[in-house]
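Here are a few short exercises to work through with the model open in your viewer. Try each task yourself before reading its solution.

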Amino acid sequence: MKLREISELLNATVRCGEVRLDEEHETAFASDLMSDVLTLGDYNPVILTGLSNMQTIRTCEMGNLDIIVLVRRKKATEEMIEEAEDEGMVVMECDYSMFKACGLLFKAGMLPIF
């Protein structure tokens, strides 16, 4: 699924990484536990989380993950956006709950990692 399709499906605002919206990604992972996210680098999934602080950006940097969707009306800070831009990440903001966002993505064909 293209990142542009994910953005449209979730009615998400793209905060940075717009130049990458035509990239295809087939897997997603949802968690607010960054320790769980750290184990996923080999898969490079779309990360859905409600944790909106610098820890999210830093964790994704360490785990070589670069697509983040903030759910539950969470907003990225300017500091987060600046760091994400420096790292070439895509950050989106979505008003939906994590459950609804995951359900919509799954229904549209996005695959879980496990």
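**Exercise 1: the pocket**

Ala28, Phe29, Ala30, Leu48, Cys102, Leu105, Phe106, Met110, Leu111 and Pro112 line the largest pocket of this predicted model.

Task: Find which elements give two or more residues to this lining, and sort the lining by class.

Solution:
- Step 1. Start with the elements: strand E2 (27-30), helix H5 (98-107) and strand E6 (111-112) each give two or more residues to the lining.
- Step 2. Now sort by class: the lining has ten nonpolar, no polar and no charged residues.
- Step 3. Finish with the volume: the largest pocket holds about 160 Å³ of space.

**Exercise 2: the sheet**

Task: Work out the strand order, and say which strands stand at the edges.

Solution:
- Step 1. Lay the six strands out in the order E1-E5-E4-E3-E2-E6; they form an open sheet with mixed pairing.
- Step 2. Look at the ends: E1 (13-16) and E6 each have a single partner strand, so one side of each is left without a neighbour in the sheet.
- Step 3. Check one pair: E1 joins strand E5 (residues 90-93) through three bridges, in the antiparallel sense. Opposite cysteine 16 you will find valine 91 of E5.

**Exercise 3: helices on the sheet**

Task: Identify the strands that H4 lies across and those that H5 touches.

Solution:
- Step 1. Helix H4 (residues 78-86) lies across E1, strand E4 (67-70) and E5, and runs at about 70° to E1.
- Step 2. H5 packs on the sheet too, where it touches E2, strand E3 (46-49) and E6. The directions of H5 and E3 make an angle of about 155°.

Notes
Residues numbered from 1 in each chain as written. Predicted model: local features only at pLDDT ≥ 70, side-chain atom pairs only at ≥ 80, totals over all residues. Heavy atoms only, no water. 1 Å grid on protein atoms, 1.4 Å probe; cavity = no way out; pocket = protein on both sides within 12 Å on 5 of 7 lines; lining within 4 Å. Points joined across faces, edges and corners; volume = space filled by probe spheres on them. Helix = DSSP H or I, 4+ residues; strand = E, 2+ residues; numbered from the N terminus. Nonpolar A, V, L, I, M, F, W, Y, C, P; charged D, E, K, R; others polar. Pairing = 2+ DSSP bridges. Contact = heavy atoms within 4.5 Å. Axes fitted to C-alpha atoms, helices over the stretch in contact; angles between N-to-C directions.
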